[in-house]
Amino acid sequence: MPLPPSPTRRPSAYGPFGHALAGLLDVLLPANCAGCGSERTQLCPACRHVLATARPGPTQLPWAHAAAPYTDPVRQLLLAHKERGALRLAGPLGEALGRAVRSALGARADTAPLLLVPMPSTRAAVRARGHDPTLRLAGAAARALRRAGLDARAAELLRHARPVADQTGLNAAERRRNLHGALTVLPRARARLAGRHPVLVDDLVTTGASLAEAARALAAAGLPVRAGAAVAATSVRPAG
């Protein structure tokens, strides 16, 4: 789900090596905390605690859970990772996404191998940012789930089939109409699944229209989605 633009967004001016250079600068020149602005640390203990202790729960789509509400500091952390190349935040954000996956699956979490399927980014967006933030978060979440003992991997199964209008200002029904038919499944999707159950993952859920379109595209290809998960959502109801 596209995040609102940040007023402090740093342009991706490093060409195809932007994500690697941004990560190197991130290590050599540590920035202030992306969540609250504390000095000399990209993620301060207080913001890390907020992210780590948030209670995942259902979003606007009952089958898709989010780790935390889309409020500060989580909002600022997502913006920093996605728009400003704060790549080291992928680890803690991915851990939160992994908890949302487990929350969405419940008792089914350890019953079958999982494949985390990120919402696809357009080529233009990847070029502009210098990296694919949702794919990066999916990989980080899969690693976190493996550390917790689950069999999880991440892979791209979806791509854009046509352009869509800017979603800014659209209500839920308009977003659904705008996105319907916008995604398609990659030709080798079934081979990539290889007996795994697909779980859609995204950074942010607002109306749920993007996840619903992704689920439609996979179901149309005979690949029903097991659940959905996101780092944050504009509405989260704590589970249980």
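**Exercise 1. Burial and overall make-up**

What percentage of the 240 residues of the chain count as buried?

*Solution.* The model is predicted. Take burial first: 51% of the 240 residues count as buried. Next, list the secondary structure. The chain holds 9 helices and 8 strands. Then turn to the contacts with a separation of 6 or more. Residues 24 or more positions apart account for 77% of them.

**Exercise 2. The sheet**

Work out the strand order of the open sheet and find its edges.

*Solution.* Step one: write down the order. The open sheet has 6 strands, ordered β1-β2-β8-β7-β3-β4, and the pairing is mixed. Step two: look at the ends. β1 (57-58) and β4 (152-154) each have a single partner strand, so one side of each is left without a neighbour in the sheet.

Step three: go through the pairs.

- β2 and β8 run parallel and are joined by 5 bridges. Here A68 stands opposite A232 in β8.
- β7 and β8 also pair in the parallel sense, over 6 bridges. V205 has A233 of β8 as its bridge partner.
- β3 (residues 114-118) and β7 (residues 197-205) run parallel, with 5 bridges between them. L115 stands opposite P198 in β7.
- β3 and β4 pair in the parallel sense over 3 bridges.

**Exercise 3. Strand β3 from both faces**

Which residues of β3 cover each of its faces, and which residues stand opposite L116 in the two adjoining strands?

*Solution.* Start with the count. 5 of the 5 residues of β3 are buried, so the strand is largely enclosed by the rest of the structure. Now split the strand by face. L114, L116 and P118 lie on one side, and L115 and V117 on the other; all are buried. Finally, follow L116 in both directions. In β4, L116 stands opposite A154. In β7, the bridge partner of L116 is V199.

Compare β8 for burial. β8 is mostly covered, with 7 of its 7 residues buried.

**Exercise 4. Helices on the sheet**

Which strands do α3 and α6 lie across, and at what angle do the two helices cross?

*Solution.* Take α3 first. Helix α3 (residues 74-83) lies across β2 (64-69), β7 and β8 (227-233). Its angle to β8 is about 105°. Now α6. Helix α6 (residues 133-147) lies across β3, β4, β7 and β8, and runs at about 170° to β4.

Then pair the helices. The axes of α3 and α6 come within 9 Å and cross at roughly 115°. That makes α3 roughly perpendicular to α6. Last, name the residues. L78, H81 and K82 of α3 make the contact with P133, R136 and L137 of α6. The crossing of α3 and α6 is right-handed.

**Exercise 5. Cysteines without a bond**

How many disulfides does a search of the whole structure find?

*Solution.* The search returns 0 disulfides. Check C44 first. C44 is in no disulfide, and the nearest cysteine sulfur, that of C36, is 3.5 Å away. Check C47 next. Its closest cysteine sulfur is in C44, at 3.6 Å. The cut-off needed is that a disulfide has its sulfur atoms within 2.5 Å. The sulfur of C47 is therefore too far from that of C44 for a bond.

Now add accessibility. C44 counts as buried because its relative accessibility is 5%. C47 is buried too, with a relative accessible area of 4%. Both values fall under the 20% cut-off for burial.

**Exercise 6. The surroundings of L179**

Is L179 buried or exposed, and which residues is L179 in contact with beyond its neighbours within four places in sequence?

*Solution.* Place the residue. L179 is found in helix α7 (residues 172-179). Test its burial. L179 has 10% relative accessibility, so L179 counts as buried. Collect its contacts. Leaving aside neighbours within four places in sequence, L179 is in contact with R162, V164, Q167, A209, S210 and E213. Add a distance. L179 and A214 are 35 residues apart in sequence, and their C-alpha atoms are 9.4 Å apart in space.

Notes
Residues numbered from 1 in each chain as written. Predicted model: local features only at pLDDT ≥ 70, side-chain atom pairs only at ≥ 80, totals over all residues. Heavy atoms only, no water. Pairing = 2+ DSSP bridges. Helix = DSSP H or I, 4+ residues; strand = E, 2+ residues; numbered from the N terminus. Contact = heavy atoms within 4.5 Å. Axes fitted to C-alpha atoms, helices over the stretch in contact; angles between N-to-C directions. Buried < 20%, exposed > 50% of the residue type's maximum accessible area, 1.4 Å probe, protein only. Parallel < 35°, antiparallel > 145°, perpendicular 65-115°, else oblique. Left-handed = near helix turned anticlockwise from the far one by under 90°.
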